[in-house]
Amino acid sequence: MNNLFDKRPRLARSNKVVSLSEAIDEIRNGDVLMMGSFVDTRRPMAAAYEIVRQQKHNLILLAQCSLAEDIMVGAGCAIAWRGCYTGIATFGLSPATLRKTEAGKFFPDEIGHLDIIYGALAAMVGSPFVATRATLGSDVLNDQLDRNRILIDKAGNKAMIPKKKFELIEDPFYNQGLVKLLPAMPADAAIIHTQMAGEKGTARISGSLAFDHYFVHAARTVIVTTEQIVPEEYLRRDPNRNQIPCTAVDMVVEIPWGGHPSQVMGYYDTDIPFIRDYVLSARTDEGFERWVGEWILDVKSRDQYLDKLGASRLEGLRAADPQGYRSRS
Amino acid sequence: MTKEYAKIGEYSAVEAMVCHSARFLANFDGKKGLIGTGLPLVASQLAKKLYSPNMIIFIETGQADANPQELAISIMDSRLTYGSSWQMGDPEGLYPLSRNEIDFGFIGGAQIDKYGNVNSTFIGGDYNKPAKRLAGTAGAVDIGVFAKTTVILMAHQKRRVCEFVDYLTTPGWMVKKWPEGTLVRREELGLQGGPSCFISSMGICKFNDDDKVMYLDKYFPGITLEQIKENTGFDIDVSRADEADHILVDEIRLLREEIDPLNIYKMR
C-alpha cells in the first residue's frame, strides 16, 4: 500500500520552477488526475488548456467535471471520472461532459462530496481506507451503477484504483450500526493554481482551499501553477499563512491570469461573459471545436491569449481590497 | 417593516417560493445551517435580513458563519469568504455535518418524491444512458445523511414531484438499504433527522408522522388545490391544507433591490 503514495521518480531538479509545457509533459496518458480547487474559482485553467494542446488522453479525473475539466472532457483528453459534481454553478450543467456521457464516450462514477474528502484524507494519512456513514441510504451505493471496473480498465496505473468501491460493515467499536469502509483515493498527479508560490514550492492561497490542502499529499506528482512567484523567503516570514508546504510540490509554474476565466481571490473576478460563451458553444460538437480552436489551439502563447482578451477586459476583472473580489456596486 | 401585501401577479412563482422559504428559516434563528448553492443561498440572505438574523451559515466549501455583502454566483465565490469567521476548504466545510453540528441543511434539486428523497444526479433513462444528467450528488447526499433536518426548495411540476426519484441522491424518510436496495425507514440505517418540509412554487408540503408520506400543509395565495394536484406526480393529500400568508411588498423589494438586483438567479 505504501508505495501507492511514493512520489514519482524523476530527474532531480535543482530548481522546481519550470515552463507550463515542461510541467504538463509530466502528465501521462491514463493518469488519475486531480485538477485543483472547485467549480469556477482558482481553477488551473492555463494548465487545462495545455493538457488539451498536448493532446493527453485516457485521463481519469477526480472530484468534479466543472469548468477546467469540461474543456478537457470535450477535447477527448479524459475517459472517466469519479466525483460528485458536473455543473458550473449558475452557468448551468457542464456541457461537454453531458454530451460525452450521453454519447457513451465518457464514464462517470458518482460518489458524494464527503467521499472525495475522506478518500483524499485516507491517501493523505497513508491509510488504505476510512470508515464513514456518508451516502448510506442513497443510490451512490447502488452496485448496478458502480463503475469501479471501468476505472480499473482505463487507469494507466491500476494500483491507483481500489479493487471495489466500498464495503459495508457493522460498527465493531461503538455499535453505531452500518458503516461504509471507503478506500483511499490517491492520484497520479494534482495540479493546483494558487495566488502565490515560492521558488521551492511553498504556496499561499486566499479564499476556499477546496481540496487542495489534501490532494497535494494524496498525489504522486504535484504541479503548482501560480499568479505570482515570490521569493520563498517572503512566504517563510509568516508560515502560518501558507497552506501548501514546499515538500509536497514537484514543480512550480508562474502564469499570471492562469486561472482565467475562473475567479482568483485578491487578483481577479470571474469572467462571466467568457464562461457564458463557453457554456453555450460547448453544447454541440461543432461549437466546442470552434471554441477550442479560437481560445486554445490557435493561440500560440500566453501573451497572445492575454492580448486576445485585451487590456480593458482584464482591467475590468481586477479584484479590489479589502474584499478580494470586484464589487458589483 | 410595514405589513403591506404585494398583489398576486406582481411577483413571480420563484420569488414566492424564496420568500416562503425565508419565512420558514425563522425556525432556525440562532441555529447552524449548511446552505446549498443556488436559490437556498438567496432565501437564506432574505431570511437573515428579515426573519433569522442570528442564523449561522456554513458553506460546504469551508466558510464558517458566512456573512456575504454581495450575492455569490457559486459556492466557491470569494463573496462568501469575505466577512466569514473562518475560511478553510471543503473538508472543514463538511466535517461539522458529519460530526453532528449542523441543525439544518437547505437544498434544491431536480426531483423530489413522496418520501422527501431528492434527486440531483440524473432524470429518466438509466445511469449508463441518462436521459438528462444533472449537476451531480455533491454535498446534497451528505446533508441528507447527516443534518439534524433538511429543508428542500424546488419548482412544483408534475415531473419533479413524483412517486419515487429516478436516482436517490439525498435520503429523505424512506431510503435504500444496500446491497439489496430495500426501502426502509431512515432510522433503520442509523440516520437521524429527515426532511422538515418541501417548499415549492405552489405551497408547502410536510410529511405524515406515521407513514412519512408527503401531504400539502399550505397553498400559496393565487394557487388552487386543483392546480397542486395536477402538478403532482402522485395522489397528494391536500385535505389538511390552508392558505399561506400573502407575500409582503418589503420581501419582494429586498429581493429585487438589495439581494439580487442584477437578477443573477433569474427569479423574475
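The following dialogue examines how several terms apply to this predicted model.

Trainee: What makes Ala120(A) and Met185(A) touching residues?

Mentor: Contact requires C-beta atoms within 7 Å. Ala120(A) touches Met185(A), and also Phe211(A), Tyr214(A), Phe215(A) and Ala218(A), with residues up to four places away in sequence left out of the count; therefore each of these pairs meets the 7 Å limit.

Trainee: Which residues have the most contacts inside the largest nonpolar core, and which helix gives the largest share of this core?

Mentor: Leu33(A) and Ala120(A) have the most contacts inside this core of 180 residues. Its largest share, nine residues, comes from helix H5 (residues 113-125) of chain A.

Trainee: Why is the set that includes Val264(A) and Tyr325(A) called a separate core?

Mentor: Members of one core are buried and joined through C-beta atoms within 7 Å. The second core has six residues, among them Val264(A), Met265(A), Tyr268(A) and Tyr325(A), and is separate, so no such link joins this set to the largest core.

Trainee: What makes E7 and E11 of chain B edge strands?

Mentor: Strand E7 (118-119) and strand E11 (161-162) each pair on one side only. The open sheet has the order E7-E6-E11, with mixed pairing.

Trainee: How do you know that E6(B) and E7(B) pair?

Mentor: Pairing needs at least two bridges. E6(B), residues 111-113, and E7(B) have two bridges, in the antiparallel sense, so the requirement is met. Gln111(B) has Asn119(B) as its bridge partner in E7(B).

Trainee: How many residues does each chain give to the contact between A and B?

Mentor: Chain B gives 50 residues and chain A gives 53. On the side of chain B, H3(B) gives the most, with four residues.

Technical notes. Residues are numbered from 1 along each chain as its sequence is written. Chains are lettered from A and ligands numbered from 1 in the order in which they are written. This is a predicted model: local features need pLDDT of at least 70, side-chain atom pairs count only at pLDDT 80 or more; totals for chains, interfaces and linings use all residues. Two residues are in contact if their C-beta atoms, placed from the backbone, lie within 7 Å. A residue is buried if 20 or more other C-beta atoms lie within 10 Å of its own, exposed if 12 or fewer, and partly exposed in between; C-beta atoms are placed from the backbone.
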